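Take a look at the protein below. Some short questions and answers will guide you through it.

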Amino acid sequence: MNKSEVNKYLEERSKDFYLLSDKIWENAEIRFKEKQSVNDYQTFLEKEGFSVKVGLAGLKTAFSASWGSGKPVIGFLGEYDALPGLSQKAGVAVKEQLVSEGNGHGCGHNLLGVGSLMGAIGYKHYLESENKSGTVIYFGCPAEEGGSGKTFMAREGIFDNLDVALCWHPSDVNMLPPGPVLANYSIRYSFTGKASHAAAAPEAGRSALDALELMNIGVQFLREHMPSTARIHYAITDTGGISPNIVQAHASALYQIRAPFAPELISLYERVNNIARGAALMTDTKVDIKFLKGTSNTLLIPALDEVMYKNMCEIENPILGACDLDFAHEIVKTQKAPDQIKEDFNIKPKAWNKAGNIPLPGSSDVGDVSWVCPVSQCGTSTWPAGTAAHSWQAVSCGKSDFAHRGMLFAGQIIASTAVDLCNNPEIIEEAWKQLRAKTGNQPYQCPIPKEITPDELEAETT
């Protein structure tokens with residue numbers, strides 16, 4: 001059996017996978033709450049002959065599904081969490097909630113998880129047909145959005161026995177990442193002051209809200225003096241109340257700090273902490289700094305990426321035959337002026353940046369897996385060119401024929417890459433050499449301290 005036959009097998013079975021992806025889309029569950037999604041995957045995988053273990057690394061909705069034995073041991077990374085507040089009807093080019101303030105798959109994780117599953121099952125089919133040794137492990141990884149599920153899993157050694165790991169992400173282009181995603185810290189800053197009557201006794205009060213506002217202003221000034229590739233975001237989660245005639249005794253904000261590499265991130269983290277402490281000093285209040293979670297930057301492995309990119313270029317993109325490209329065109333028009341619309345999809349794979357030196361502005365807990373074993377991932381078009389993730393447009397595209405076909409394309413790329421690695425073990429050896437060179441042969445250091453548990457983080461983010 002060759003790779004073309006593997007890809008044909010996946011295409012012949014594609015409706016089974018489309019139905020599973022749609023089921024995950026319809027039952028959109030946010031971080032740490034993906035119980036029904038896990039049940040759906042478990043049922044599907046057990047029918048395919050996998051041995052499923054649910055509840056890994058203290059995460060109730062993390063699982064592994066294993067088949068086969070011996071080398072190579074290839075992991076396939078799946079996700080299935082949605083985003084809060086992004087409920088949207090499918091297949092319509094207008095913003096229209098399906099459930100008021102409900103959840104929605106704005107990052108395409110209903111597709112991501114099933115596309116990786118297609119890769120795992122395609123590779124399993126190849127090993128069975130050729131009677132080859134090899135271990136296939138599909139990992140169900142929860143809470144990528146705001147929960148760092150894979151980071152907890154990496155901390156507990158879940159990926160330690162892998163030779164390589166493969167994955168992908170929905171996108172508006174077909175590509176391999178041109179550089180690493182950013183390392184990321186999430187921190188809660190809580191200020192405590194003293195309440196008082198704002199008119200009768202303002203001198204007796206100590207405003208926690210003043211402290212928080214001063215902190216935010218300080219961070220705004222910091223932006224001019226930090227690396228251009230870094231990012232700082234915040235959300236005020238507690239303003240101290242709604243009465244302006246009371247000096248607010250409490251206020252808090254959730255911050256995210258991103259940078260391409262850990263030393264830069266740690267430095268920025270300390271600078272933001274000092275700004276918070278300075279704001280507390282200026283207002284005679286107290287500040288509690290609580291580190292919530294973190295993710296590592298990704299380490300790109302050219303030996304693996306070259307194989308994945310080659311397969312991306314060789315496989316005929318099935319999206320060309322999608323039956324709902326008119327809908328794709330309507331989605332484009334919600335985001336661009338008519339004179340800017342040139343094409344609905346970027347079909348041709350973007351040139352692969354072998355240097356891997358262009359940082360991407362987002363973050364992902366795939367980064368932590370990449371410090372444990374060599375990882376390669378691609379992106380394929382599942383929504384029209386120019387569509388932003390975390391948008392109602394991305395949710396609306398989630399059950400479309402072109403999204404399904406983009407997912408099929410990803411599954412075929414991943415399965416073909418796994419076949420190549422199985423037949424060329426020297427590529428895996430070279431991948432490990434490259435990983436050790438990038439890490440300095442140092443062991444993985446998890447950015448989440450041991451004392452922070454998934455249950456604690458769930459309570460903070462719920």
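What follows is a set of questions and answers on selected helices, residues and a surface patch.

This is a predicted model, in which local features need pLDDT of at least 70, side-chain atom pairs count only at pLDDT 80 or more, and totals for chains, interfaces and linings use all residues. Residues are numbered from 1 along each chain as its sequence is written, and side-chain values use heavy atoms, with hydrogens and water left out.

Q: Which residues of helix H1 are buried?
A: Helices are DSSP runs of H or I with at least four residues, strands are runs of E with at least two, and both are numbered from the N terminus. Buried means under 20% relative accessible area, exposed over 50%, and partly exposed in between (1.4 Å probe, protein chains only). In H1, residues 3-12, the buried ones are Lys-3, Val-6, Asn-7, Tyr-9 and Leu-10.

Q: Why are they on the same side of H1?
A: Look along the helix axis. The arc is taken from the directions from that axis to the C-beta atoms. The buried residues lie on the same side because they cover an arc of only 155°.

Q: Which exposed residues does the face of H1 turned away from its buried side carry?
A: Turn to that other face. Its exposed residues are Ser-4, Lys-8 and Glu-12.

Q: Which helices do the buried residues of H1 pack against?
A: Contact means heavy atoms within 4.5 Å. The partners are H2 (14-26), H4 (109-130), H8 (302-314) and H12 (401-423).

Q: Is Ser-196 buried or exposed?
A: Ser-196 sits in the loop between strand S6 (183-192) and helix H6 (208-222). Its contacts, leaving aside neighbours within four places in sequence, include Ala-201, Asn-245 and Val-247. The relative accessible area of Ser-196 is 13%, so Ser-196 is buried.

Q: What is the relative accessible area of Leu-214?
A: Leu-214 has its place in helix H6. Leu-214 counts as partly exposed because its relative accessible area is 32%.

Q: What distance separates the C-alpha atoms of Gln-42 and Leu-10?
A: Gln-42 is in helix H3, residues 35-47. Gln-42 is partly exposed, with a relative accessible area of 23%. Along the chain, Gln-42 and Leu-10 are 32 residues apart, and their C-alpha atoms are separated by 19 Å.

Q: Which residues does Gln-42 touch, not counting residues up to four places away in sequence?
A: Set the sequence neighbours aside. The residues that Gln-42 then touches are Val-52 and Val-54.
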